[in-house]
Each structure stands twice: as structure tokens, then as C-alpha cells.
Amino acid sequence: MTPLTFLQSWKDLARHFKIVSSLHMRDLFATDAKRFSRFSIRFDDMLFDFSKNRITKETFALLIRLAKEAGVEKYRMAMFNGERINITENRAVLHVALRNRSDRPICVDGVNVMPEVNCALTKMCNFSTVVRNGSWFNINDGIVDIVNIGIGGSNMGPMMVIEALKPFVQNGITCHFISNVDDSNIYQVLKRCRPETTLFIIASKTFTTQETIINSQTARAWIVKNLGEKAITRHFVAISANKNAAISFGIDINNIFSFWDWVGGRYSLWSTIGLSIAIAVGFERFEELLFGAFDIDEHFRMEPLAKNIPVIMAMLGIWYIDFFGATTHAILPYDQYLYRFPSYLQQTDMESNGKSITRDGRMVDYHTGPILFGDVGTNGQHAFYQLIYQGTQLIPADFIATVCSHNPVGNHHRLLMSNYFAQSKALMIGKSRETVRDELIQQGFSGDSLEIAISHRVVLGNRPTNSLLYCKLTPRTLGRLIALYEHKIFVQGVIWQINSFDQWGVELGKKLANIILPELNGSKQTDAHDSSTNGLINHYNELC
Ligand code: F6P
């Protein structure tokens, strides 16, 4: 594999960067009346505007050339063809099969996985229907509490989607999420549930994750205490690739939903892990979500790279991270229902591309995955935007908004949207020294105090942003949005030549916690670790 920095397009970009880095977007807009139409793409009702980026026609062409040269098309095909592209775990990466709404077979080792996927979907459909219509607990009305016990991908996807689709959640169904091993998490949830009508969904691909297992055991004890041992089969179902462990826990074999090793945890909301979503919003809506992702899968699979939204999003990220030295990326949804979207994307992106070793085992000599952060507008504006405007770091940002509110109240939505439009404009255009000077002179400033006041008030602008704007946050739109980011992450992993589908670092932390657990015994002093870890453990043992 040719190292990334040896590729001709990479070298050309490095040269080209020297020219572009001194250009201001203000001037690029002023000299090109077609900039918006050149650098925006419409996908159905969704508009992707990337014209407020520090690129020229030549930059764009070079970035697309890099995508080609780095093999994005080849790897894209390999993923859709079920090849084992997760090389360190020798697995295919097929979340696209989970939402393949066509009859196109998708094979792993020559076996079409679609019949099994469709069978699992039918099972989800049947189960979610009986829970929703009350027959699972034999009730006509009242509240059913659905408690998803899982962590990481077995928690964040369903939790984010259910929050995002709240307007579609059936009355009487309350979804709760227990993920953290912290006892306060399960305590707060169980306090709000009635055992008689509480259904626990244990979501764990491996059924060995420490947090999920201990939370499930505590939940099990709660049901047994309130309803007796026999109630377990009615009050617990499991989603796992480890059927035997689920059966040993006491789950009825008919209530185990399968999961495949080619579904990565952070890409799993489309699988049976989405059961809580199907129960909350209904299977039809869950299917719409799948259709949305499928729309983008087809777009990603078929469109040429230069017209391919996730490819463009990815290449812009590469441009800023590897040439401008950006280390972060802000996700800024102007849509309250997406308030969990930034933290959801943190796992998808940072667990995928937080890597520094190439697929052929070399240490990279360039930066890879960014630190993702964000919050909903306008909350973020009153928290961290200042740093984006005037801090020392370049922070590329994605502005995401819905044209129509689910809950129109007075002038709220227009106000929200005025902020959405204003922020990306202000970040781009900034406020020049001359404008600030004129304003301050009018306010009576002069002399030294005028000069100092000017320096503080100048906003350089030239801060890059993408804007995504869609009609309304429906299940289909949400599916599209998530899939866009998934494929963006995929493309960036290909460019950086890393494996985006494992997480060995996280595994290390998990193992160490198991070693330390027996040492938290409240008595014996430990000297088994470095002096800091020993000191912390010993302080804990002294106080507990
Ligand atoms: O955080 C590491 C991780 O392996 C994630 O990738 C995964 O989503 C999570 O743990 C939970 O794993 P499981 O579904 O096996 O309990």
C-alpha cells in the first residue's frame, strides 16, 4: 500500500494549501457569482451547502482526485460486497445490509445475508406490534415502560433516535435507557417504572459487557423481588449474537433477537438493536428510518465522487485536519429533537477513526479522526461558539436544521432559523477592522483606547462550515442524516488507511477494570500499579 503522503494528489494538495490558506472566503464569494450553485448539492428535500469552505475549484478537484487515488471507490465496493474489510477482526462490515430495502443480494463468503436480515425484521415487527397493542402485558391502556439495557452502540443509537423521533412515539410507551454501571443510573430508572408493565431489553452483541451484565442482573433481581422468578421470561428479552449467554441468563429462546458479527456496535441501530425504536415509534416508522439510510447508501454507492455528499463531507474534513491542522469538528443541530445527535456521533466517529496505525501496520505520520463536539442551537451559541469565532484554533462546523417545526409556536422557529442562517454567515464573513473602527468612532472612542477596542472586536471570519437543511425531521430524514455521517466516517478511514471498525484501545480499559475490581475491598493497601493508581485506589479503600 502506497503511504498516503506519497500519493501525488496529497503532494499537490500540500502545495496548493500554501495558496489557499491565505485566501478569504469573503473574496471567494465576491469573485464567483456561481459559488453557491457550484458547491451545493440537493438530495430530495435535503440541501447540502458546502460553499462556505476554504476551497477553490482547484481544491475541490484535488480533494476528489485524492479520494480516487486513495481507493475510495474500491473500498466502497468491498464494503457493499461483504468483503472482510475489518481486517483486525476478520469481519465484513455490513450495516448497509440491514437497511437494504431492495432485492439485491448481499453476500458474506458467498452466502446471501438478506433472508436472515429480513427474518429478523419480521420478528421485530411482530414483537413490537404485540407490545404496542398491549397484548404482551395483557393490558388495554396504561403505561408500558421499555428499558433498554446496553452501552456504547447498544445504547447510543436507539437513545438518540427515540429522542429525535419523539413526535412519533406512541402515547403510553415510555422508553428508558440504562447504560452506565453507576448505580445511580439504574436507581433513577427503576424508580420510575412499574414492575408489572416493564419490559427490559438486554442489548449486547457479546453479552459479556461488564456494565450491561451487572445492570441486567440488578434489573432481574428487581423483577424477581416484585413479581417472582417466573416473571423473567415475560419481562426480559435479549438482542445478542451470544445466544447461549442470553439463555443462561433466563431469557426465553423465542425472545432472543439475533445479531451478526458483521454488524459493528456503533453501526447497529439498524439491526435488532433498534427494537426499542420499533416499539416506541412503530415498525412502519422504523422501516422508514431504514429506507432513509438506504436512500443514502444508494447515493453513496452510485454517485460519482464529485457529486457524492458523504465523500465531499469526508474530503473537506481531511482538508482541514491534515492541511490546516484542525483537531476538532463541531456538530450544531438547530433542531431540538437532535440534541443527542452530537454525542451519538462522538462514538460513531471517534471510536471508528480514533486510530494511528495503518491497515498494514505502520504508524501514521498525519492526523486522523477529529474530536467531535456540539450542542443544539441556540444553546451552543451561548456556550462555546465564542471559541469558534475568535479562538486560536480552526474548528470546522456542520450546521443542521429543519425548515418546518413539529411544534410551531408563535415566532419561535423563524427566530431559530434566523440564528441558523446568521451564524454560518458571520463565521464566514467576520467583521473587518474598518467596520469596527467606524462603529467605535461613532460611539466616541478615540486614541489608544480606540485601537485596543478595535483589536478585541475584530472577527476574522473565514471559519469553514457546512450547512444541511431539510424539510422536517421524519424517520426517513433521520435515517438519511445518520447514514451520511456513517459514510463520511468510512471515507475518511479509507483515506487515512486505518481500520475504522475495531476498538482495541477501549478493550484495554475494560480488561484493566476487571483486574482492579478485586482490589476495591476497603482494606488491603495495594502496590500493584504505578504510584498514582496505587495512591488513588488506596485513598478509595480508606474512605469507602
Ligand atoms: O465501547 C466498546 C464497545 O465494544 C462498542 O463498540 C460497543 O457498542 C459496546 O462496547 C457494547 O458492546 P456490546 O454490545 O457487546 O455489549
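User: What is the order of the strands in the open sheet?

Analyst: In this predicted model, the six strands of the open sheet follow the order E1-E2-E13-E12-E10-E11, and their pairing is mixed. From one strand to the next, the twist averages 15°.

User: What makes strand E1 and E11 the edge strands?

Analyst: Strand E1 (40-43) and E11 each pair on one side only, and they are therefore the edge strands.

User: How do you know that strand E10 and strand E11 are paired, and in which direction do they run?

Analyst: Pairing requires at least two bridges between two strands. Strand E10 (residues 328-334) and strand E11 (residues 371-374) are joined by four bridges and run parallel. The requirement of at least two bridges is thus met by this pair. As an example, threonine 328 has isoleucine 371 in E11 as its bridge partner.

User: How many bridges join strand E2 to strand E13, and how do these strands run?

Analyst: Three bridges join strand E2 (residues 46-49) to strand E13 (residues 465-470), and the two run antiparallel. Three bridges also satisfy the rule of at least two. Aspartate 49 has serine 467 of E13 opposite it.

User: Which elements make a β-α-β unit, and what is its handedness?

Analyst: The unit consists of E10, helix H16 (residues 341-353) and E11, and it is right-handed. A crossover receives this name because, with the strands pointing away from the viewer, the path from the first strand over the helix to the second runs clockwise.

User: Why is glutamine 347 called buried?

Analyst: Glutamine 347 has its place in helix H16. Its relative accessible area is 10%, and buried means under 20%; glutamine 347 is therefore buried. Apart from neighbours within four places in sequence, glutamine 347 is in contact with Gly152, Gly153, Met156, Arg266 and Ser352.

User: Which strands does helix H18 lie across?

Analyst: Helix H18 (residues 412-429) lies across E10, strand E12 (397-402) and E13. Relative to E12, the helix runs at about 160°.

User: What makes alanine 401 a buried residue?

Analyst: Alanine 401 belongs to strand E12. Its relative accessibility is 0%, and the limit for buried is under 20%, so alanine 401 counts as buried. Not counting residues up to four places away in sequence, alanine 401 touches Tyr334, Met417, Tyr420, Leu468, Leu469 and Tyr470.

User: What makes the contact of arginine 480 and aspartate 295 a salt bridge?

Analyst: The side chains of arginine 480 and aspartate 295 come to 2.8 Å, N to O. The cut-off is within 4 Å, so the pair is a salt bridge. Arginine 480 lies in helix H21 (residues 475-496) and aspartate 295 in helix H14 (residues 283-302), so the salt bridge ties together parts that are 185 residues apart in sequence. Arginine 480 is buried at a relative accessible area of 6%, and aspartate 295 is buried at 13%. Through shared partners, salt bridges join Asp44, Asp45, Asp295, Arg476 and Arg480 into one network.

User: How do you know that glutamate 89 and arginine 91 form a salt bridge?

Analyst: Their closest N and O atoms are 3.7 Å apart, which is within the 4 Å cut-off; the pair therefore forms a salt bridge. Glutamate 89 is partly exposed at 23% relative accessibility, and arginine 91 is partly exposed at 25%.

User: Is aspartate 32 buried or exposed?

Analyst: At 18% relative accessibility, aspartate 32 falls under the 20% limit and therefore counts as buried. Aspartate 32 meets arginine 38 in a salt bridge of 3.1 Å, N to O. Arginine 38, with a relative accessible area of 34%, is partly exposed. The count of salt bridges comes to 24.

User: How many disulfides does a search of the whole structure find?

Analyst: The search finds zero disulfides. For cysteine 119, the closest cysteine sulfur is that of cysteine 125, at 12 Å. A disulfide needs two sulfur atoms within 2.5 Å, so this distance is too far for a bond. Cysteine 125 is likewise in no disulfide.

User: Why is cysteine 119 called exposed?

Analyst: Its relative accessibility is 53%, and exposed means over 50%; cysteine 119 therefore counts as exposed. Cysteine 125, at 25% relative accessibility, counts as partly exposed.

Conventions
Residues are numbered from 1 along each chain as its sequence is written. This is a predicted model: local features need pLDDT of at least 70, side-chain atom pairs count only at pLDDT 80 or more; totals for chains, interfaces and linings use all residues. Side-chain values use heavy atoms; hydrogens and water are left out. Buried means under 20% relative accessible area, exposed over 50%, partly exposed in between (1.4 Å probe, protein chains only). Axes are lines fitted to C-alpha atoms, for helices over the stretch in contact, and angles run from 0 to 180 degrees between N-to-C directions. Contact means heavy atoms within 4.5 Å.
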